[in-house]
Amino acid sequence: MLKITNYQAPCTEDLTKLKVELGYTGEQMAELVGLAGNNQWRKYTGGTQPREMNFHMLFYLAAKMTLSDDQIINVLDKMQEIGSSFKIEK
């Protein structure tokens, strides 16, 4: 099993650059990361003390951008096997 250490969060400029590259709104970025909405996304890209994106959030974002729907379904199936419950919407 892989062990990941020494994580350093992307800076606000990196996150803003990604948003621009994708052509997404703040609301779309929030959805991609699993946040409640644009107001929450902005906490990672602005203000006097922006939040750092934790490893789990960034991993989720990267997985959604990289994996096929079938691969994501496999992960979600495993999550349900472990004991979680949720609805999947497209």
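Exposed means over 50% relative accessible area, and buried means under 20%. Keep these two cut-offs at hand for the exercises below, which all use a predicted model.

**Exercise 1. Describe the chain as a whole.**

Task: Find which secondary-structure elements the chain contains and how far its C-alpha trace spans along the principal axes.

Solution:
- Step 1. Start with the elements: the chain has 5 helices and 0 strands. Read from the N terminus, the order is α-α-α-α-α.
- Step 2. Turn to the dimensions. The C-alpha trace spans about 40 × 30 × 20 Å along its principal axes.
- Step 3. Look at the surface. The accessible surface comes to about 7,200 Å², and carbon and sulfur atoms account for 52% of it. Of the 90 residues in the chain, 21% are buried.
- Step 4. Check the contacts. Taking contacts between residues at least 6 apart in sequence, 43% join residues at least 24 apart.

**Exercise 2. Work out the two sides of H4.**

Task: Decide which residues of H4 are buried, and which exposed residues sit on the face turned away from that buried side.

Solution:
- Step 1. Check the helix length. H4 has 12 residues, so at 1.5 Å a residue it should span 16 Å; the end C-alpha atoms are 16 Å apart, in agreement.
- Step 2. List the buried residues of H4: Met57, Leu61 and Ala63. Because these residues cover an arc of only 165 degrees around the axis, they lie on the same side of H4.
- Step 3. Go to the face turned away from the buried side. There you find the exposed residues His56, Phe59 and Thr66.
- Step 4. Ask what covers the buried residues. The cover includes H1, H2 and helix H5 (69-82).
- Step 5. Finish at the N-terminal end of H4, which is capped by Asn54: one of its side-chain oxygens lies 3.0 Å from the backbone nitrogen of His56.

**Exercise 3. Repeat the analysis for H1.**

Task: Find the buried residues of H1 and the exposed ones on its other side.

Solution:
- Step 1. The buried residues of H1 are Thr12, Leu15 and Leu18. They share the same side of H1 because their arc around the axis is only 125 degrees.
- Step 2. On the other side of H1, the exposed residues are Glu13, Lys17, Val20 and Glu21.
- Step 3. H2, H3 and H4 are among the elements that cover the buried residues of H1.
- Step 4. Zoom in on Thr12. Its side chain and that of Glu13 are joined by a polar contact of 3.4 Å. With neighbours within four places in sequence left aside, Thr12 contacts Tyr44, Thr45, Gly46 and Pro50.
- Step 5. Step just past the helix: Gly23 takes a positive phi of about 70 degrees.

**Exercise 4. Follow H2 into the core.**

Task: Identify the buried residues of H2, then find which helix gives the most residues to the largest nonpolar core.

Solution:
- Step 1. In H2 (residues 26-33), the buried residues are Gly26, Met29, Ala30, Leu32 and Val33. Their arc around the axis is only 160 degrees, which means they are on the same side of H2.
- Step 2. These buried residues pack against helix H1 (12-22), helix H3 (38-42) and helix H4 (55-66).
- Step 3. Now take the largest nonpolar core, which has 12 residues; among them are Leu15, Met29, Val33, Trp41 and Met57. At least two residues come from each of H1, H2 and H4, and H2 gives the most, with 4 residues.
- Step 4. Pick Val33 for a closer look. Not counting residues up to four places away in sequence, Val33 touches Trp41, Met53, Met57, Tyr60 and Leu61.
- Step 5. Just after H2, Gly34 has a positive phi of about 90 degrees.

**Exercise 5. Classify two residues outside the helices.**

Task: Are Asn6 and Leu67 buried, partly exposed or exposed?

Solution:
- Step 1. Place Asn6: it is in the segment before H1. Its relative accessibility is 76%, so Asn6 counts as exposed.
- Step 2. Check the backbone of Asn6. Its phi is positive, about 60 degrees, although Asn6 is not a glycine.
- Step 3. Place Leu67 in the loop between H4 and H5. Its relative accessible area is 32%, so Leu67 is partly exposed.
- Step 4. Take one distance to close: the C-alpha atoms of Leu67 and Arg42 are 25 Å apart, and the two residues are 25 residues apart along the chain.

Conventions: Residues are numbered from 1 along each chain as its sequence is written. This is a predicted model: local features need pLDDT of at least 70, side-chain atom pairs count only at pLDDT 80 or more; totals for chains, interfaces and linings use all residues. Side-chain values use heavy atoms; hydrogens and water are left out. Buried means under 20% relative accessible area, exposed over 50%, partly exposed in between (1.4 Å probe, protein chains only). The arc is that of the directions from the helix axis to the C-beta atoms. Contact means heavy atoms within 4.5 Å. A nonpolar core is a set of buried Ala, Val, Leu, Ile, Met, Phe, Trp, Tyr and Cys residues joined through side-chain atoms within 4.5 Å. A polar contact is a pair of N or O atoms within 3.5 Å; within protein, one must be able to donate a hydrogen and the other to accept it, and residues adjacent in sequence count only if both atoms are side-chain atoms. Accessible areas come from the Shrake-Rupley method with a 1.4 Å probe; for residues, only the protein chains shown count as cover. The expected span of a helix is 1.5 Å times one less than its number of residues.
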